[in-house]
Amino acid sequence: MVKFKTSENKLFQGKKLDLDVMIPKLRETSVVYRPKNTWFDYCAWPSICRDENGTLYALSAAFGSEHVCPFNKIAMYISKNNGKTWSPPIVVVDTYLPDGQGGISYLGNGKMIINWFYEPGDIIFNEYYYRIGMGEPQSLARARQAMVDTYVDIPPEKLVGGGFVKVSEDYGFTWSDPIRLPIGNIHGVCKNNNGDIVLFGKEGFADTSMTFDPDIFDPAKRPQYESWGDFVARRNERRAKREYFDSEVYSCISKDGGYTWEKGSSCILPNYITWSMIHEPGAVVLDDGTIIGTVRVEDESAAENDFTVFLTRSTDGGHTWGEIKPTHIPGSPPHLLKHSSGKLICAVGCRVEEDGYGIYAYVSEDDCKTFTLKYVINDRSPNNDLGYPCSVELDDGSIVTVYYQRYYDENTGKYDDKPCIMCTRWTL
């Protein structure tokens, strides 16, 4: 039976899912990457895929010093034993910008695609100079300032933001040069029944002719802020609002394995949602060819971190999309896994304490029309710096879900200061 509780947040349509908690019979948690004894110890936003040989490939931001850091790189990790142990991080993307939020997908016959997204150099420059100027208390503030100082002398084409993909034809051993797209998402691409590849994403900084806000590097014209609140209120008045927050969600489709892409149409919004509330799309293909697209929807003016999942559907291979509709799931961003049982598993991170900090999976037996079971993947977290779960199925039907949150040391009874990349193997 589907159960709800009352919610004052209008995005939930007055009710949140409040299902009975299910503890999986099998729930084994291990560490994918837990950096220690380094200043560059922040990692987050993982994704995962699996090849026909059973090898698991995870992807995340790594080597940063904080949440969205100019030192971030994108690292890949490999497991040959169903996620019990993982390789050291293998750097697959390293630019001047905060590399990180993206996905990894396996397409068969050794072919893989990684995708990622970041803001352009002028926005990162503005944000870090403001934070440093306000006396940011972190010990690496001057190092980050030195990093963004170099942006003034880097050719503008090296600091272009937006979405990118790389293609591998040899199980991730080598990768193509970056291929730029007008959209980005966090959990990768999906493959249509006809072989086309679909990336369902949010547009961001699509116009490469608008490389920078022209005044950003001029100290005399740089915006001035009176406080952190003033900065947050005004930060999106420049390029980020025009070219990202107010932009649409749509698909790009590739017929040649990810090297060239054509644009599909946008999903349709109900009248109580704006594009600025929608982020971090993903998609999964059903057996009949229907594609279900997922989005994170939030209204920061209502309640911080009180976000949810909306769904949209395409019946023509991702070229057109229907109206997005609420699931009432507390938590986001979502990842949908099509399980061999026929069930769809929507994994989310919950960042609202009253709903329970942690990683949860909501299960549907009717192609996401309703969700009737809630599984606890990992609810041991001291705060809301967590989430971005992504799942794959193993040969025995069990599931491996990767995510990020703070590690709890059973020996000391303490949490790490920063999150790490973790994975849990569990069963329905």
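In the predicted model, strand β11, comprising residues 162-168, is joined to β12 by three bridges, and the two strands run antiparallel. Within this pair, valine 165 lies opposite isoleucine 179 of β12.

Both strands belong to an open sheet of four strands, arranged in the order β9-β10-β11-β12 with antiparallel pairing. The edges of this sheet are occupied by β9 (102-108) and β12 (179-181); each has a single partner strand, so one side of each is left without a neighbour in the sheet. From one strand to the next, the twist in this sheet averages 25°. Isoleucine 179, the residue opposite valine 165, is thus placed in an edge strand, because β12 has a partner on one side and no neighbour in the sheet on the other. Strands of a sheet pair through backbone hydrogen bonds, in either a parallel or an antiparallel sense.

A further open sheet is formed by four strands in the order β18-β19-β20-β21, again with antiparallel pairing. Its edge strands are β18 (278-285) and β21 (325-330), each of which pairs on one side only. The twist from one strand to the next averages 25° in this sheet.

At one edge of the β18-β19-β20-β21 sheet, β18 pairs with strand β19 (residues 291-297) in the antiparallel sense, over six bridges. Valine 285 stands opposite isoleucine 291 of β19 in this arrangement. A valine opposite an isoleucine is therefore found at valine 165 and isoleucine 179 of β12, and at valine 285 and isoleucine 291 of β19.

Note on methods:
Residues numbered from 1 in each chain as written. Predicted model: local features only at pLDDT ≥ 70, side-chain atom pairs only at ≥ 80, totals over all residues. Heavy atoms only, no water. Pairing = 2+ DSSP bridges. Axes fitted to C-alpha atoms, helices over the stretch in contact; angles between N-to-C directions.
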